[in-house]
Protein chains: 4
Amino acid sequence: MAVRAAVAGASGYAGGELLRLLLAHPEVEIGALTAHSNAGERLGALQPHLLPLADRVLEPTTAEVLAGHDVVFLALPHGQSAAVAEQLGPDVLVVDMGADFRLQDAGDWEKFYGSPHAGTWPYGLPELPGARAALAGAKRIAVPGCYPTAVSLALFPAYAADLVEPEAVIVAASGTSGAGKAAKPHLLGSEVMGNMSPYGVGGAHRHTPEMIQNLSAAAGTPVTVSFTPTLAPMPRGILATSSAKAKAGVTAESVRDAYAKAFADEPFVHLLPEGQWPATAAVYGSNAVQIQVAYDEAAGRVIVISAIDNLAKGTAGGALQSMNIALGLDETTGLTTIGVAP
Amino acid sequence: MAVRAAVAGASGYAGGELLRLLLAHPEVEIGALTAHSNAGERLGALQPHLLPLADRVLEPTTAEVLAGHDVVFLALPHGQSAAVAEQLGPDVLVVDMGADFRLQDAGDWEKFYGSPHAGTWPYGLPELPGARAALAGAKRIAVPGCYPTAVSLALFPAYAADLVEPEAVIVAASGTSGAGKAAKPHLLGSEVMGNMSPYGVGGAHRHTPEMIQNLSAAAGTPVTVSFTPTLAPMPRGILATSSAKAKAGVTAESVRDAYAKAFADEPFVHLLPEGQWPATAAVYGSNAVQIQVAYDEAAGRVIVISAIDNLAKGTAGGALQSMNIALGLDETTGLTTIGVAP
Amino acid sequence: MAVRAAVAGASGYAGGELLRLLLAHPEVEIGALTAHSNAGERLGALQPHLLPLADRVLEPTTAEVLAGHDVVFLALPHGQSAAVAEQLGPDVLVVDMGADFRLQDAGDWEKFYGSPHAGTWPYGLPELPGARAALAGAKRIAVPGCYPTAVSLALFPAYAADLVEPEAVIVAASGTSGAGKAAKPHLLGSEVMGNMSPYGVGGAHRHTPEMIQNLSAAAGTPVTVSFTPTLAPMPRGILATSSAKAKAGVTAESVRDAYAKAFADEPFVHLLPEGQWPATAAVYGSNAVQIQVAYDEAAGRVIVISAIDNLAKGTAGGALQSMNIALGLDETTGLTTIGVAP
Amino acid sequence: MAVRAAVAGASGYAGGELLRLLLAHPEVEIGALTAHSNAGERLGALQPHLLPLADRVLEPTTAEVLAGHDVVFLALPHGQSAAVAEQLGPDVLVVDMGADFRLQDAGDWEKFYGSPHAGTWPYGLPELPGARAALAGAKRIAVPGCYPTAVSLALFPAYAADLVEPEAVIVAASGTSGAGKAAKPHLLGSEVMGNMSPYGVGGAHRHTPEMIQNLSAAAGTPVTVSFTPTLAPMPRGILATSSAKAKAGVTAESVRDAYAKAFADEPFVHLLPEGQWPATAAVYGSNAVQIQVAYDEAAGRVIVISAIDNLAKGTAGGALQSMNIALGLDETTGLTTIGVAP
């Protein structure tokens, strides 16, 4: 029996990617597609790559339109998910691809997002310790941010195995789709091509408290995070370089062992063979995570490189993976580890 | 019962794309993977996006290795397919993704390729008139060139409907993967990014006689082709602008009607709604062809724009589509019209 | 004695490029810089590459601000130049980088731009026959469009030498800066990277009548133009492929001779050695034009490839070149034929 | 009287950029241009953007060819500069753009480069404390590596002012020209476009000891460096994110003050206004360095972002700046702080 899914916010990049993946999901039937300013338009005009849905017309994002589905995905601007979710009833699986329900600490939320905290939902990063149990049967899921996905997977094994000090330093490069589809001058092709630039430097990026939350949980102690995001001249992908000072006794072997164990049974996270490094192009369009670790003895640090597709594993693929778990489906249903390259 | 397929030339871009698609084909089991200079290497080191095949080791391209398969795909340098095909026996389906068996005229072959003509196989562009009949049950298939795919689909309806004069003018832009994976200075990222440049200008490109062959067949009279290929700063995609002088009495409506009819039942070729133009990004990774037509009354020309993924519909996807027909499978099996965007 | 120059529209791409070139012009002193919605802002925030002007503040575009200069450059939205120019007095050199005064035919203007025709000014493409005489001492200059610059230089020698039929077919690829700095969704980096797409197909692009005007003048007879512009994934550059049917008796040699003669004394137009093809990267940031010609005997066409930097020779460099002529300076003052590559 | 300059290694990216800059240097006359495998070729075929030198023919790199110049620039593979320099005599200014004479410690050299140490020359990063004095009148100059240029300028003020702990963490993104012009598969446009990937992770990159040398000198104590370089999909530019733990008592103001003082009189290093971040596009083709600092109180770290053009300030521009000092010319002669953007 098909799972009937609605997508609120189907005209943006996250919504488009979700639809791309849902079209390939054998258990899902795509129901209502909604949008705000684009309501009334053909999807073919907005998402021309989704040919099978080209003639679908976007509806307004209302409780009536979203009613009658088994799953409702929310790809809305932050702060808007709670109001919609409330109207959907407790038996509908609501998967929020926005930030609203990710943070446990209301103070963090208010500091970084400037609005009242809506609550905390089960966190949709299944690879984190304990996450799958919380997701199984859940009716509400908070999909992680794209950067926190790349960074938490990179560092939680080091913290869980007590290999590194609780001060993480992270620099990540993201493709421009992470900044969304709203037209802003600094996101014009003329501006971003041939250009690398940072933003949200010095702890200002909203994904920082989410990383702290995940890494502190893994470490069992508060972890500080210095996070610098940069915008890279490519449409998709996140490459994160995450590092922390090694604790005494750590060796290259102990680091590698910890990561090999952490991901041994993970269907989507691949610790690459030694000598091979993650590349965003290799995970383009896929739900795979490429990880590689290094121990720099001279500098005394463990360095972890991770590559994801920010729209796939970093947003829509992660959402689908968690939906599968919540619904009792095989976790990998409709998802792939095969990238589109070159 | 699975179709067992071998791929000769699995380390290149065409071979890699074919494997990506074969992994998603429900009826195919991937057998031997061979290479020349890369024989002995892990596929994961050469095609890091194909995670499910990462631990497969490339074998040398020999008759022994390729024996025992239902289908053998050849992604070899031109001139090498005949020798391999001969050793495979008449009952094996051999799909040549190289140029060797595309041209009917031996003189054309010798002029453009400088070696003896190996013969002519059924031509794997199913959308051309009569092509499907020739492919059904075939044991040998010549996959079209990427440019001829984009251009022949763009112009054959105009010639078949006698709308235009037999002098076609074509300018096409291709992503760099069309130039292959061999390291050449002018294909370095430093050279191609931020750069557009032509090559093979003035009738020198090897795909020219193939276009002439296809368009002349559609027109029932010899068609001349002025073809200018250009290299665009993107990894994939072909955007072709094809035009010809309109015959008397042609109108915008008659042009549109001819194209609507030509592609009404085609699963992969989409004549876009008026006002929407093809974009290579919309067909990235998919087997879809986007087409749009215009009649420029002032200039007296019919202009047709087509967009394909050069590696998918232009090579590996086209190969698979023809294989499906040859084997009696549904033509769309394992193929998608959904692109990966943005 | 320095030429004092004002720039109206200094916050956009054309204005920024003009300022970049003016900073290197030994005879020019940069005066007022104006803008519309950005008035009051630091130039450093809008044009961060122009460090020597970083602390200049943009003023509103008024006659008062623009008064007291020897030269006023207008980089305004089309339709706005006439009103500003009228207020500047007949002795000030006004160089309009917009379209307002390019076309001779009022009907063409109204058809393509939808507003009343403002008039016709001396046309700032010095390489065209007779252009330098009209520019010498001029007080009003209409800078050509970027595409017409690339295309007119490519084809006027063939028409002037009566080598080709009066039906030109042109396909050109432009970098995204040609579309300006206003934020529009289809110009986002996420949309344009990895993408080629056409626009204004079928004779709809506003540069079409300008090309017709130039080529018809060179031919001495009306020339039709089929022009297809495409958007390429690069910030700058135009690569134009222009062709026309060869007249009887034309040979590769006669074509090459005509072009060698036409450009023998031109400081900025370079007919490349045989075997070398234009590339936009080679003229990045420079005022140079790279040209190569081919005669395709089989197709019976002359094909001309031209590469320019759309912002430099195609807009701001061309403006400066014409200013030099108008002011009696050496035409090449402050301009370079050296590109920035790779 | 003109300075006569020869360039050994004129066919590569560093050599080409040096020639681009030398063409604009009012005191320099370009003499012999040499190459190894490209000797005998026209420069126009190899560096098509350098139109004024298009007809120059490359000579072999011999002492005879290089004799008779005031300055000889060496853009050779590492390990080859010493043998050439020895033959040039002590009165010729030799500027080595390779690595051979950068490191003071022979053990570091041997460990990272695997060949005997050739010696140490005055280090051509004028902005470092004491560097200008060592360069004035020098006859031998070692041009810094591109990454060490970006990183040393970013961090030396923090170390000189004793603001941070001696453990630096650096992640930098470089354009592909930094990897040179030799054709290697992983540098193909098809591979690098749309892709971010690291290399030399864990302390393996050869620029690491050079950074340690510079930062330790500034700190007056040994500094450890964790350096992760990444390859970005752009031809030029380095964006470096450098950070270190703040010492007690550090504030955002004290950090900013230290940087404002360090660069107050520097012609090429620009501490951006607060709120504006460095971007590689803004320094494209220029000798400028953009710097911005942040103090992340929560993480307890000082973060410094720097952007340079790896070929300009990072190689050829830096070489010219040091040459100017050595020859007693104004340090900024022939150099610009104006980038080419967009």
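Analyst: In this predicted model, a polar contact is a pair of N or O atoms within 3.5 Å, where one must be able to donate a hydrogen and the other to accept it. By that rule, chain D and chain C share twelve residue pairs in polar contact, both partners being at pLDDT 80 or more.

User: OK, and how many salt bridges do you get between chain D and chain C?

Analyst: Zero. A salt bridge needs a side-chain nitrogen of Lys or Arg within 4 Å of a carboxyl oxygen of Asp or Glu, and the count between chain D and chain C is zero.

User: What makes up the contact of chain D and chain C, then, in residues and in buried area?

Analyst: Each side brings 30 residues, from chain D as well as from chain C. About 2400 Å² is buried between the two chains, and carbon and sulfur atoms give 66% of that. On the chain D side, His49(D), Leu51(D) and Pro342(D) supply 28% of the area buried against chain C, more than any other three residues. As for secondary structure, α1 (13-23) and α2 (43-46) of chain D each put at least two residues into the side that touches chain C. Of the elements, α1(D) gives the most, with four residues.

User: Why say that chain D and chain C meet through the same surface?

Analyst: Just check the overlap: 100% of the interface residues of chain D are also interface residues in chain C, so the copies do meet through the same surface. The superposition is there too: a rotation of 180 degrees with 0.0 Å of shift along its axis lays chain D on chain C at an RMSD of 0.0 Å.

User: Now chain B and chain C. Why are those two copies described as related by a two-fold rotation axis?

Analyst: Any two copies of a chain are related by a rotation about an axis and a shift along it. Here the turn is 180 degrees and the shift is 0.0 Å, with an RMSD of 0.0 Å for chain B on chain C. The two copies are therefore related as by a two-fold rotation axis. The same surface serves both: 100% of the contact residues of chain B recur in chain C.

User: What makes Glu167(C) and Lys245(B) a salt bridge?

Analyst: The distance. Their closest N and O atoms are 2.8 Å apart, and the cut-off is 4 Å, so the pair qualifies. Across the interface of chain B and chain C the rule finds two salt bridges, plus ten residue pairs in polar contact. In chain B, β9(B) gives the most to the side that touches chain C, with five residues.

User: And how much area do chain B and chain C bury?

Analyst: About 3200 Å², 67% of it on carbon and sulfur atoms, with 40 residues from chain B and 40 from chain C in the contact. In chain B, Met196(B), Pro198(B) and Val201(B) lose the most area to chain C, together 16% of what that side buries.

User: Last one: why is Cys146(A) called buried?

Analyst: Buried means under 20% relative accessible area, and Cys146(A) comes in at 12%, so the label fits. Cys146(A) lies in helix α7 (residues 146-160) of chain A. Beyond four places away in sequence, Cys146(A) touches His207(A), Ile238(A), Ile308(A), Asn310(A), Gly314(A) and Thr315(A).

User: Which annotation does UniProt give Cys146(A)?

Analyst: The UniProt entry, which is unreviewed, lists Cys146(A) for "active site". Take that with some care: such annotations may be inferred rather than shown by experiment.

Note on methods: Residues numbered from 1 in each chain as written. Chains lettered and ligands numbered in written order. Predicted model: local features only at pLDDT ≥ 70, side-chain atom pairs only at ≥ 80, totals over all residues. Heavy atoms only, no water. Least-squares fit on C-alpha atoms with pLDDT ≥ 70 in both. Contact = heavy atoms within 4.5 Å. Buried < 20%, exposed > 50% of the residue type's maximum accessible area, 1.4 Å probe, protein only. Buried area = accessible area lost by both parts, 1.4 Å probe. Polar contact = N/O pair within 3.5 Å; in protein donor to acceptor, adjacent residues only side chain to side chain.
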